[in-house]
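Got your viewer open and a selection box handy? Let's walk through this one stop by stop, selecting as we go.

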Amino acid sequence: AASVIFYFGIAIGVFAAAKWQSRSGWRELIGWQPFRLFDGRIWAIIIAALIYSVIANGALSYFFPHSPEELAIPANPAAAAALFLLAVAFAPVTEELVFRGWLYTGLRFNWGVWPALLTTSALFAAAHYERTHLYALAVFPIGLALGAVRECTGSVKASIFFHAINNFAAFGLSMLIRG
């Protein structure tokens with residue numbers, strides 16, 4: 001519950017800061033633009049990133065196995081539902097508003113596409129740091145893919161959509177592994 005409140009608060013904070021900084025242009029400030037769902041470029045990036053994610057997580061699990069408790073979906077249905085809500089709804093919205101909305105837009109304006117893409121992807125990976133640096137290294141290319149979707153569409157909504165799909169797939173695979 002604390003994580004959901006935390007993520008919700010950050011998302012509201014990004015919207016409020018964008019509205020406060022630019023009353024009429026707040027949507028452009030964070031990339032809150034519509035996107036075409038059936039854009040082939042988006043789906044090519046999403047499919048490639050999902051394949052990468054499955055391979056990278058499989059390799060990490062094989063070479064550096066974690067304890068069962070670390071990756072397990074809670075057995076309690078309410079806790080599992082809360083984790084699902086956090087992973088598939090709140091985390092994608094909040095993280096994308098921060099990394100591909102607020103930060104990417106500002107850095108892209110000042111530094112250009114590549115420095116903004118690399119910086120926000122590195123910060124995204126750092127935010128996913130765990131006991132070892134390996135998971136963060138596996139997340140970095142996902143951050144690049146999320147940034148590519150944002151750049152191709154001009155919309156943070158597209159990267160939110162992709163992030164939610166990625167987390168949904170990860171949650172589903174974890175449920176299958178749990179058995």
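**First stop: Ser-53**

Select Ser-53: with a relative accessible area of 13%, this residue is buried (buried means under 20% relative accessible area, exposed over 50%, partly exposed in between, using a 1.4 Å probe and protein chains only). Before going further, know that this is a predicted model, where local features need pLDDT of at least 70 and side-chain atom pairs count only at pLDDT 80 or more, while totals for chains, interfaces and linings use all residues. Residues are numbered from 1 along each chain as its sequence is written, and side-chain values use heavy atoms, leaving out hydrogens and water.

Ser-53 sits in helix α3, residues 40-63 (helices are DSSP runs of H or I with at least four residues, strands are runs of E with at least two, and both are numbered from the N terminus). What is Ser-53 in contact with, leaving aside its neighbours within four places in sequence? Show Ile-142 and Asn-166 and you have the answer; contact here means heavy atoms within 4.5 Å.

**Along α3: a patch and a core**

Stay on helix α3 and pick Ile-51, which is also found there. At a relative accessible area of 49%, Ile-51 is partly exposed. Now add Ile-47 and Ile-55: together with Ile-51 they make a nonpolar surface patch of about 300 Å². Patches are made of residues with over 30% relative accessible area and no salt bridge; like charges are joined within 9 Å, and nonpolar side chains (Val, Leu, Ile, Met, Phe, Trp, Tyr) within 5 Å. The areas come from the Shrake-Rupley method with a 1.4 Å probe, and for residues only the protein chains shown count as cover.

Next, Ala-49. Leaving aside neighbours within four places in sequence, Ala-49 is in contact with Ile-142, Ala-145 and Phe-162. Ala-49 also belongs to the largest nonpolar core, which has 13 residues; Ala-49, Phe-124, Ala-145, Leu-146, Val-149 and Phe-162 are the ones that touch the most other members. A nonpolar core is a set of buried Ala, Val, Leu, Ile, Met, Phe, Trp, Tyr and Cys residues joined through side-chain atoms within 4.5 Å. Colour α3, α7 (134-153) and α8 (156-178), the elements that give two or more residues to this core. The largest share, 5 residues, comes from α7. In soluble globular proteins, nonpolar side chains tend to be buried together.

There is a second, separate core of 7 residues, and its members include Ala-11, Val-14, Ala-18 and Leu-97.

**Over to α1**

Select Gly-13, in helix α1 (residues 2-21). Gly-13 is partly exposed, at a relative accessible area of 34%. Draw a distance from its C-alpha to that of Leu-97: the two atoms are 9.9 Å apart, though the residues are 84 apart along the chain. Gly-9 lies in α1 too and is partly exposed at 39%. Try the C-alpha distance from Gly-9 to Pro-92, 83 residues away along the chain, and you get 14 Å.

**Salt bridges**

How many salt bridges does a search of the whole structure find? The count is 3, where a salt bridge is a side-chain nitrogen of Lys or Arg within 4 Å of a carboxyl oxygen of Asp or Glu.

- Arg-41 and Asp-39: the closest N and O atoms are 2.7 Å apart. Arg-41 is partly exposed at 44% relative accessibility, whereas Asp-39 is buried at 9%.
- Glu-96 and Arg-100: their side chains meet at 2.8 Å, N to O. Because they are 4 residues apart in helix α5, about one helical turn separates them. Glu-96 is buried at 0%, and Arg-100 is buried at 0%.
- Arg-108 and Glu-151: the closest N and O atoms are 2.6 Å apart. Arg-108 is in helix α5 and Glu-151 in helix α7, so this pair ties together parts that are 43 residues apart in sequence. Arg-108 is partly exposed at 34%, and so is Glu-151 at 29%.

**Last stop: Thr-105**

Finish in helix α5 (residues 77-111) with Thr-105, which counts as buried at 17% relative accessibility. Its side chain reaches the backbone oxygen of Gly-101 at 2.6 Å. Not counting residues up to four places away in sequence, Thr-105 touches Glu-28, Leu-29, Ile-30, Gly-31, Arg-100 and Arg-150.

Notes
A polar contact is a pair of N or O atoms within 3.5 Å; within protein, one must be able to donate a hydrogen and the other to accept it, and residues adjacent in sequence count only if both atoms are side-chain atoms.
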